[in-house]
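Let's work through a few exercises on charged pairs and pockets. Take a look at the model, then try each task before you read its solution.

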Amino acid sequence: MHSEHEHNDEGPKVFGIMAEFDDPDVVVKAAQRAYDQGYRKLDAYSPFPVHGLAEAVGYRKNIVAPLVLCGGLTGAMTGFVMQYIACTWHYPYLIGGRPFLSWPMFVPITFEMGILFAAFSAVIGMFAMNGLPMPYHPVFNAKGFEGATRDKFYLCIEARDDKYDETETTSFLKSLGAQNVSVVEQ
């Protein structure tokens with residue numbers, strides 16, 4: 001039988017090391033230096049979007065635009081095929097001598113289906129790529145992390161990074177001008 005306060009022999013698992021900064025320019029430079037030093041599993045947190053921060057931590061491209069394009073084309077094709085099947089196979093009415101495949105009348109539905117599928121692709125893709133919904137994240141355990149919603153900027157190097165070493169990573173983050181460096185537990 002295990003008690004709620006039983007001691008775990010392995011100790012607390014470490015998520016990474018968090019560095020706190022006061023200036024957005026300093027955190028961008030720190031993130032760029034960390035990336036240049038070979039750290040790849042790092043992330044930055046700020047109260048507002050900081051120009052260049054995403055690129056500094058290694059986000060070069062995302063696949064939202066191609067995903068939305070594929071969703072839109074799929075939706076447009078679905079709308080067109082749906083109308084084509086309805087007008088030529090299920091209800092083939094000959095009106096005014098027009099051909100069954102009179103495509104100009106299919107344009108509004110085709111366009112609307114394309115927009116609808118593109119919007120769904122954007123929303124679902126955004127949730128999937130951001131890993132949402134995420135009710136818990138270990139960085140919320142960091143001391144003072146609530147400052148990320150006000151006036152503090154954070155850079156976190158995760159323990160699963162190949163270059164991660166608790167002592168060396170801590171001293172490296174301190175050398176970047178961090179105000180505070182702390183270990184983040186899982």
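Before you start: buried means under 20% relative accessible area, exposed over 50%, and partly exposed in between (1.4 Å probe, protein chains only). By that yardstick, Arg160 is exposed at 58% relative accessibility.

You're working with a predicted model, where local features need pLDDT of at least 70, side-chain atom pairs count only at pLDDT 80 or more, and totals for chains, interfaces and linings use all residues. Residues are numbered from 1 along each chain as its sequence is written, and side-chain values use heavy atoms, with hydrogens and water left out.

**Exercise 1.** Find the residues that are linked in a network of salt bridges.

*Solution.*
Step 1: Get the rule straight. A salt bridge is a side-chain nitrogen of Lys or Arg within 4 Å of a carboxyl oxygen of Asp or Glu.
Step 2: Look at Glu20 and Lys152, whose closest N and O atoms are 3.7 Å apart, so they form a salt bridge. Glu20 sits in strand β1 (residues 14-21), while Lys152 is in the loop between α4 (107-130) and β3 (153-158), 132 residues apart. (Helices, H or I with at least four residues, and strands, E with at least two, are DSSP runs numbered from the N terminus.)
Step 3: Now try Asp22, which also has a salt bridge to Lys152, at 2.8 Å from N to O.
Step 4: Put them together: Glu20, Asp22 and Lys152 make up the network.

**Exercise 2.** Sort the network residues Glu20, Asp22 and Lys152 into buried, partly exposed or exposed.

*Solution.*
Step 1: Glu20 has 12% relative accessibility, so it's buried.
Step 2: Lys152 comes out at 22%, which means partly exposed.
Step 3: Asp22 is partly exposed too, with 40%.

**Exercise 3.** Work out which residues Glu158 and Arg160 are in terms of burial, and how far apart their closest N and O atoms are.

*Solution.*
Step 1: The closest N and O atoms are 2.5 Å apart, and the two form a salt bridge.
Step 2: Glu158 is buried, at 11%, whereas Arg160 is exposed, at 58%.
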